[in-house]
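Student: I am new to this structure and should like a close look at its buried interior. Would you please take me through it step by step?

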Amino acid sequence: MDVVFDPSAYPPLALGFFGLGTGYLVYGPHELFGYPPQSDETDRALGVWGIWLPGMCQFVTGLILFIGLSWFEVFTKSPPLYMAALAFSAYGIHWFAMGWNRYRGNEARTNAGMCVAYMVISAMGATVFFRAGDWPVGLLFVGLFVIYFCHFFSVIGVKLGERGLGLFHILTGGWLMYLTYAVAVNSSLGYHWRV
């Protein structure tokens with residue numbers, strides 16, 4: 001006997017956008033303005049935020065999307081939604097590592113190779129979403145690409161890289177708040193904000 005589930009109109013995109021946006025808005029002021037000042041306490045607090053908001057929210061979102069697309073087939077099969085599942089999962093796992101390393105005060109220069117890999121996945125996401133005609137999410141992936149570009153230079157010791165990282169964390173975090181809001185009002189109230 002085959003079990004068939006009804007399609008869902010509610011992929012958990014807002015959760016993933018919100019988690020990442022919150023993480024960027026927490027990290028950005030520290031990187032751009034030095035607030036709060038660098039200390040062991042600041043690193044531990046940033047680590048906790050990194051694990052629980054961008055890490056957990058994105059990982060849960062990616063997991064639900066992958067399971068919904070592959071095992072239960074409750075979401076419409078589409079290249080953009082598959083790319084979203086890949087990105088949310090990969091970025092979520094990456095934030096677990098980033099947050100833990102920050103919390104423990106581990107060496108940040110090891111992030112240089114990670115930055116290259118995440119520039120690739122960011123370019124992949126931009127390609128998929130722009131090709132699908134979804135420019136708001138394509139623009140998000142452009143922001144992500146620039147973040148990892150700046151992060152690369154930050155971890156190899158270029159001070160301007162950290163300031164750029166902070167600036168693009170704040171700008172991309174703001175854009176993620178728009179995407180969160182748009183997905184939530186579209187799903188809850190039937191609005192048609194561009195996502």
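Tutor: D43 is buried, with a relative accessible area of 14%; here buried means under 20% relative accessible area, exposed means over 50%, and partly exposed lies in between, computed with a 1.4 Å probe on protein chains only. The model is predicted, so local features need pLDDT of at least 70 and side-chain atom pairs count only at pLDDT 80 or more, while totals for chains, interfaces and linings use all residues. Residues are numbered from 1 along each chain as its sequence is written, and side-chain values use heavy atoms, with hydrogens and water left out.

D43 belongs to helix α2, which spans residues 40–70. Helices are DSSP runs of H or I with at least four residues, strands are runs of E with at least two, and both are numbered from the N terminus. Leaving aside residues up to four places away in sequence, D43 touches Q38, R102 and Y103, where contact means heavy atoms within 4.5 Å.

From D43 we may turn to the largest nonpolar core, which has 39 residues. Such a core is a set of buried Ala, Val, Leu, Ile, Met, Phe, Trp, Tyr and Cys residues joined through side-chain atoms within 4.5 Å. The members that touch the most other members are L13, F17, Y24, L65, Y91, F141 and Y148. Each of the helices α1, α2, α3, α4, α5 and α6 supplies at least two residues of this core, and α3 gives the most, with 10 residues. To take one of these members, L13 touches T61, L65, L81, A84, F88 and V183, not counting residues up to four places away in sequence.

A14 also lies in helix α1 and counts as buried at 19% relative accessibility. With residues up to four places away in sequence set aside, A14 touches T180 and V183. A14 and C57 are 43 residues apart in sequence, yet 9.5 Å apart in space from C-alpha to C-alpha.

C57 is itself buried, at a relative accessible area of 12%. C150 is in no disulfide, and the nearest cysteine sulfur, that of C115, is 9.8 Å away. A disulfide is a pair of cysteine sulfur atoms within 2.5 Å, and by this rule the count comes to 0 disulfides. C150 too counts as buried, at 11% relative accessibility.

Next comes the packing of two helices. Two packed helices are described by the angle between their axes and the distance between the axes. Helix α1 (residues 13–33) and helix α5 (residues 135–155) pack at an angle of about 35 degrees, with their axes 14 Å apart. The axes are lines fitted to C-alpha atoms, for helices over the stretch in contact, and angles run from 0 to 180 degrees between N-to-C directions. F17, L20 and Y24 of α1 meet V137, L140, L144, I147 and Y148 of α5 in this contact. By class, the contact of α1 with α5 has 8 nonpolar, no polar and no charged residues. In this scheme Ala, Val, Leu, Ile, Met, Phe, Trp, Tyr, Cys and Pro count as nonpolar, Asp, Glu, Lys and Arg as charged, and the others, Gly among them, as polar.

Outside the helices, a cis peptide bond joins Y35 and P36, with omega about -5 degrees; P36 is placed in the loop between α1 and α2.
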